[in-house]
Amino acid sequence: MGLLDSLKRDKKSAETTKRVETSAESENSTSKAEPEINIEDIEVVEREVHPRVEHQAVATPIKTMKDKAPVNHVIGQTKVMAIINQKGGVGKSTTAINLSAALGELGKQVLLVDLDPQGNSSSGLGVEKSQVSNCVYDVLLNDAPIENVIIPDVCEGLDLVPATINLAGAEVELVSEMARENRLKDAVGSLRGKYDYIFIDCPPSLGLLTVNALVAADKLLIPIQCEFYALEGVTKLLDSMKRVKTRLNPSLDIFGVLLTMYDGRTTLSRQVVDEVRSYFGKTVFTTMIPRTVKLSEAPSFGQPITQYDPTGKGAKTYVDLAKEVIQRG
Ligand SMILES: Nc1ncnc2c1ncn2[C@@H]1O[C@H](COP(=O)(O)OP(=O)(O)OP(=O)(O)O)[C@@H](O)[C@H]1O
Ligand SMILES: [Mg+2]
């Protein structure tokens, strides 16, 4: 029985009961009136109870680099890219997860470094944070070798450096450390030649964690949400990029600007596209990520969109983006 049918039948039953009660009342008061409805006629409605199914992440044992599947191709020049925008909720983690997974499925070797204490890239790839003993915090502050922290093959071709809530302390603790801006660069540098792409999912701030990402990265991938105030804060981000470029990382540049949560039915989305394209020109990817419910559901199942809804438009556009990323070299 469908929900609508169930509701209709419940409503009918409630009306029937009401009528019986009303007629019973009037019978009591007049003791003459015939009951409108025989009690026998009342349909017994069995309500379907749909138990609420909570998704439970399966606690599979965390793998280590010893378990890593062999890589069957020669890795070229590793590209390290920070997925960055200090504005919150613009699609950084969604892009980090789904672009990395799409590139992995296209045969590339990819590492995703979760540099956000919220750990959305980690949970979105099905990694139970409670099971993670070492995270990127230990790499930045406890000199843990990054290889010991990598969880291999979270998806085809995709390894992960997870984040846990411990990372929240890093922003403050890094302040008093020597060479505090270079911690991630040194760690990631040791992995050059082992991956085709290393992505860094940045937190929504311009603190020391983000500065570490700006120093470690060769290029930036900037997601911009197709919403009012889309470009708000972008000048500040570009200023930070220029400052790091001048002092710490001369080759840093924008790799691409990605329009996210695009809804072609709204004038606003189309206006933002025009505005962003006229501001950034050719750096804007042709592929735009549409707003789809499936993309927002996938993380709660711990799966990238290419697994959760492989035939939907979310998966298609992230695969298109992956191809565009490969094409840009
Ligand atoms: N294309 C999309 N369609 C629908 N929902 C989306 C899409 N992209 C992201 N979302 C949803 O929007 C929210 C913010 O996305 P996401 O977490 O990727 O942003 P973020 O920039 O990483 O946020 P933060 O700054 O907090 O790290 C999430 O709930 C996500 O599921
Ligand atoms: Mg995020």
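A residue counts as buried here if 20 or more other C-beta atoms lie within 10 Å of its own. Keep that cut-off in mind for the views below, which come from a predicted model.

**View 1. Helix α7 sits wrapped up inside the protein.** Helix α7 covers residues 208-216, and eight of its nine residues are buried, so the rest of the structure largely encloses this helix. The buried ones are L209, T210, V211, N212, A213, L214, V215 and A216. What does the covering of these buried residues include? Among the elements over α7 are strands β1 (79-83) and β5 (197-201), along with helices α5 (170-173), α6 (183-189) and α8 (234-247).

**View 2. Helix α8 lies largely in the open.** Here's a helix that helps cover the buried residues of α7, yet just one of the 14 residues of α8 is buried, so α8 itself is largely out in the open. From its first C-alpha to its last, α8 reaches 20 Å, close to the 20 Å expected at 1.5 Å a residue.

**View 3. Strand β2 is enclosed, with a parallel partner in β4 and another in β5.** All five residues of β2 (residues 110-114) are buried, so this strand is largely enclosed by the rest of the structure. V110, L112 and D114 point one way from β2, while L111 and V113 point the other way. Four bridges tie β2 to strand β4 (residues 158-161), and the two run parallel. With β5, the pairing is also parallel and takes in five bridges. Take a look at V113: in β4 it stands opposite V161, and in β5 its bridge partner is I200.

**View 4. Strand β1 pairs with β5 and β6.** Four of the five residues of β1 are buried, which leaves this strand mostly covered. β1 and β5 run parallel and are joined by five bridges, with K79 standing opposite Y197 of β5. β1 also runs parallel to strand β6 (residues 219-225), this time through three bridges. In that pairing, I83 stands opposite L221 of β6.

**View 5. F199 is one of the best-connected members of the largest nonpolar core.** Nonpolar side chains tend to be buried together in soluble globular proteins. In this model, the largest nonpolar core has 79 residues. Which of them touch the most other members? They are M81, A82, V136, F199, I200 and A213. Zoom in on F199 and, setting aside neighbours within four places in sequence, you'll find it in contact with M81, I83, A96, S100, V110, L112 and V113. Of these contacts, V110, L112 and V113 are buried residues of β2.

**View 6. A shell of 19 residues surrounds ligand 1.** The closest residues to ligand 1 are K92, S93, T94, P204 and S296. Helices α2 (92-105) and α10 (293-297) each supply at least two residues of the shell, and α2 gives the most, with three. What kinds of residue make up this shell? Ten are polar, six nonpolar and three charged.

**View 7. D263 sits in a loop and comes within contact of R291.** You'll find D263 in the loop between β7 (253-260) and α9 (267-280). Is D263 buried, partly exposed or exposed? With 13 other C-beta atoms within 10 Å, D263 is partly exposed. D263 and R291 are 28 residues apart in sequence, but their C-alpha atoms are 5.9 Å apart in space. Leaving out neighbours within four places in sequence, the contacts of D263 are C226, S269 and R291.

**View 8. D143 and D153 both have a positive phi.** Most residues other than glycine have a negative phi. D143 goes against that, with phi near 55°. D143 belongs to the loop between α4 (136-141) and β3 (151-155), and with 10 other C-beta atoms within 10 Å it is exposed. D153 has a positive phi as well, of about 50°. This residue lies in strand β3, and its 16 C-beta neighbours inside 10 Å make D153 partly exposed.

**View 9. Stepping back to the protein as a whole.** The secondary structure comes to twelve helices and seven strands. Of the 329 residues in the protein, 38% are buried. Among contacts with a separation of 6 or more, 78% are between residues 24 or more positions apart.

Note on methods
Residues are numbered from 1 along each chain as its sequence is written. Chains are lettered from A and ligands numbered from 1 in the order in which they are written. This is a predicted model: local features need pLDDT of at least 70, side-chain atom pairs count only at pLDDT 80 or more; totals for chains, interfaces and linings use all residues. A residue is near a molecule or strand if its C-beta atom, placed from the backbone, lies within 6 Å of it. Ala, Val, Leu, Ile, Met, Phe, Trp, Tyr, Cys and Pro count as nonpolar, Asp, Glu, Lys and Arg as charged, and the others, Gly among them, as polar. A nonpolar core is a set of buried Ala, Val, Leu, Ile, Met, Phe, Trp, Tyr and Cys residues joined through C-beta atoms within 7 Å. A residue is buried if 20 or more other C-beta atoms lie within 10 Å of its own, exposed if 12 or fewer, and partly exposed in between; C-beta atoms are placed from the backbone. Two residues are in contact if their C-beta atoms, placed from the backbone, lie within 7 Å. The expected span of a helix is 1.5 Å times one less than its number of residues. Two strands pair if DSSP finds at least two bridges between them.
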